[in-house]
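Student: Please take a close look at the cysteines in this model. I would like to know which of them are bonded and where they sit.

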Amino acid sequence: CYKFPIGGTGAGITNIVHTQGWIHCHTPATDASGTVKATLDVLFDDFINMKLPAKLRISMACCLNMCGAVHCSDIAILGYHRKPPMIDHEYIDKLCEIPLAIAACPTGAIKPAKVELEDGTTVKSVAVNEERCMFCGNCYTMCPSMPLADTEGDGIVLLAGGKISNRITAPKFSKVVVAFIPNETPRWPTLTKTIKKMVDTYAADARKYERFGDWAERIGWEKFFEKTGLEFTHHLIDDFRDPAYYTWRQTTQFKFT
């Protein structure tokens, strides 16, 4: 008999690395403790038993700032905002240093503006280019008058196939495999059912020592969606074209020539 479960090592599911969530953070699009608890409950057998083809790292981040390292995990849970920040024009100049809020935007979507209030007063404020906004919440970090939490707009994105290990194959970035899952508190049934299906399919089909992303690349991502039953939509098309993504050396692997 033991007080705490023993597991998370070897060819099993790791203890989920996660961020702060609704209780402790100001920019989350979902909760950390709730999603992690619900997910580990359905994957508990794979946590305590080393019966998977290889280690399966699961991570969780509550927003695009990705404190949970979801960009390089076998399966990743990512909280995602789908709406730009709301602007409280009446108080923004009183509560915030507007230049800092503008500078905090990674895509340059915020610019200074003057706004006329209902009482006819003209105040200093900002304007957001919604087409450029990536919904990261950095502006809200700098300015409490620019919240972006929204019940309908907030939810979860699932990524898969990443790893930081050089073992067998080079490190990989995770890829989006489910574009949006709504927040279904308190047990997130759609999220946990989807992850369970992905893990079970991987366990049954992958070769020994094959990580999740290696398995998906071997069978082909088209086959991956077919086997897991996930729907492929245009939201999942990888159109990232930064030259550094392809030209920088991302691995310590080498070959003698």
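Tutor: The model is predicted, and with a cut-off of 2.5 Å between cysteine sulfur atoms the count comes to 1 disulfide. The bond joins C96 to C143, with an S to S distance of 2.0 Å. The torsion about this S-S bond is about 75°, so the disulfide of C96 and C143 is right-handed. The two partners lie 47 residues apart and link distant parts of the chain. C96 belongs to the loop between α3 (92-95) and α4 (98-103), while C143 belongs to the loop between α5 (138-142) and β5 (155-160). Both C96 and C143 are buried.

Two further cysteines deserve a check against the same cut-off, beginning with C133. The closest cysteine sulfur to that of C133 is in C139, at 6.6 Å, which is too far for a bond. C133 has 16% relative accessibility and therefore counts as buried, the limit being under 20%. C136 is in no disulfide either; the nearest cysteine sulfur is that of C105, 6.2 Å away. With 8% relative accessibility, C136 also counts as buried.

To put the cysteines together: the bonded pair C96 and C143 is buried, and the cysteine C133, whose sulfur is too far from the closest cysteine sulfur for a bond, is buried as well. The same burial class applies to C136, which takes part in no disulfide.

Terms used
Residues numbered from 1 in each chain as written. Predicted model: local features only at pLDDT ≥ 70, side-chain atom pairs only at ≥ 80, totals over all residues. Heavy atoms only, no water. Helix = DSSP H or I, 4+ residues; strand = E, 2+ residues; numbered from the N terminus. Buried < 20%, exposed > 50% of the residue type's maximum accessible area, 1.4 Å probe, protein only.
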